[in-house]
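Please open the model in a viewer and keep the sequence panel visible. The tour below proceeds by selections, each followed by a description of what is found there.

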Amino acid sequence: MTAWPDTLSCALRGERLRDLADLEGMTMKDLARSLDVTPAQISRIANGKAPLTAAVVERATDVYGLFPSFFAIVPLPQDHAAVTFRKRSTSTVTEDRRVAALFTEASRLWREASRRSGYKTADLPDPRDHDGNIEATAVAVREMDGLDEDDPVPNLTRMIERRGVGVINGLDPDRPDSDRHSGVSRPSRSEDRPLVATVNRQPGAVSRLTLAHELGHVVLDQDLATPPSARSWEERRAFMFAGAILLPESVMRQRVDEGLTLHSYLRIKADYGVSVGAIITRAEKLGVISRRRARSLRIQLNSQGWRHDEPVDVPDEQIALLPQALERVWPVNTDMAAAQDTGAARHLIQVWAQGTSTPPSCPVPSNVISLSSVRRP
């Protein structure tokens, strides 16, 4: 049985049962069964027509590893903003709701840890200062990080964190190999401590593009009315932003032409930490290569078996800001204390604070990546 202060019982909100169902990827009927109540009872509680009882809270905390504070959370305006996913068009509504619910929990954790640790709020360029030009806005982010025109981004995660944006690698640890969702963010003008996250386990080059893509949403797409579809203009624009961050236009025009062989693209991957597939797409969008040449290169890429397993390993990047903030705010029994204060599940906090999407059995790479050191002949 889980105990909680008497003052907390007055603040418990039955609506949070819906959030719990979304987090677990289940229906309210399934949740009712797991909590030993009828579907009618849980519906009344979730709709505010019946109180959330101590018995239901105790059962939920025991079954799902939560603290009672989970049921006292009041959503903020930014929690209602549209979620932006990097995902497949085949993802289901249940899967979308699960990832969105996980992101809400992670956002609250990061927001509290950042605020209470005294870390700065986000410092990002305003696209309006650049006439909405995507390339110019991306260049502004690079310049804020002290990068010259042709410089690679040695560690994208550090770049994002230096702008006051939190990063999580592997938002959904219970389904690390699912390929339905790659990244997620929630742009909002009400949020001054935004978060970006990869959802699943990804190679280093893919993870960098995913995080740059989500940063693009944070910069360009604040307060969307609805989540953008997989083929929407907002998604295409976020990819353009990610390409401009990681692969400067001047570099593409210097190093890529119509006759560049597929294997020569590996040298660019080694220098700039971006997949060959993404480099081809960037070159096509800039008009450096023709659509016909891009199609030919993609056919070669598939025939080589590189679509899911490209040569040249780009090391994983490790986050630093979230774990540092957590330890500063809750220095003793960090994950348990943070869970009690924020209502986020303890086991999720433990995984999110690990700092890398690399499986535990794999070595954790250096925080600073020397991309040229992974170049292969």
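A helix here is a DSSP run of H or I with at least four residues, and helices are numbered from the N terminus. The model is a predicted one.

**First selection: Arg 16.** Select residues 16-24, which form helix H2; Arg 16 belongs to this helix. Is Arg 16 buried or exposed? Its relative accessibility is 3%, and since buried means under 20%, Arg 16 counts as buried. Next, display the surroundings of Arg 16. Leaving aside residues up to four places away in sequence, Arg 16 touches Phe 70, Phe 71, Ile 73, Glu 105 and Arg 108. For a view across the model, draw a distance from Arg 16 to Ser 182: 166 residues separate them along the chain, and their C-alpha atoms are 26 Å apart.

**Second selection: Phe 70 and Phe 71.** Both residues were met above as contacts of Arg 16. How many aromatic pairs does the structure hold? There is one. The ring centres of Phe 70 and Phe 71 are 5.1 Å apart and the ring planes stand at 80 degrees, so the pair is edge-to-face. Phe 70 is buried, with 0% relative accessibility. Phe 71 likewise has a relative accessible area of 0% and is buried.

**Third selection: helix H16.** Move to residues 334-342, where Asp 335, Ala 337, Ala 338, Ala 339 and Thr 342 are buried. Which helices help to cover the buried residues of H16? Add residues 93-117, 321-329 and 346-352 to the selection: these are helices H6, H15 and H17, which are included in the cover. Then select Gly 343, just after H16, where phi is positive at about 85 degrees.

**Final view: the whole chain.** Clear the selection and colour by secondary structure; the chain comprises 17 helices and four strands. Along its principal axes, the C-alpha trace spans about 70 × 45 × 40 Å. The radius of gyration is 22 Å, which agrees with the value near 21 Å for a compact globule of 377 residues. Of the 377 residues, 54% are buried. Among contacts between residues at least 6 apart in sequence, 75% join residues at least 24 apart.

Switch to a surface display to conclude. The chain exposes about 17,300 Å², and carbon and sulfur atoms supply 49% of that area. Colouring by charge shows 49 positive and 50 negative charges, whose mean positions lie 4 Å apart.

Key: Residues are numbered from 1 along each chain as its sequence is written. This is a predicted model: local features need pLDDT of at least 70, side-chain atom pairs count only at pLDDT 80 or more; totals for chains, interfaces and linings use all residues. Side-chain values use heavy atoms; hydrogens and water are left out. Helices (H or I, at least four residues) and strands (E, at least two) are DSSP runs, numbered from the N terminus. The radius of gyration is taken over C-alpha atoms; the globule rule is 2.2 Å times the number of residues to the power 0.38. Buried means under 20% relative accessible area, exposed over 50%, partly exposed in between (1.4 Å probe, protein chains only). Contact means heavy atoms within 4.5 Å. Accessible areas come from the Shrake-Rupley method with a 1.4 Å probe; for residues, only the protein chains shown count as cover. Lys and Arg count as positive and Asp and Glu as negative; His and the chain ends are not counted. The place of a charge is taken as NZ of Lys, CZ of Arg, CG of Asp or CD of Glu. Rings of Phe, Tyr and Trp (its six-membered ring) pair if their centres lie within 6.5 Å; planes under 30 degrees apart count as stacked, over 60 as edge-to-face and the rest as tilted.
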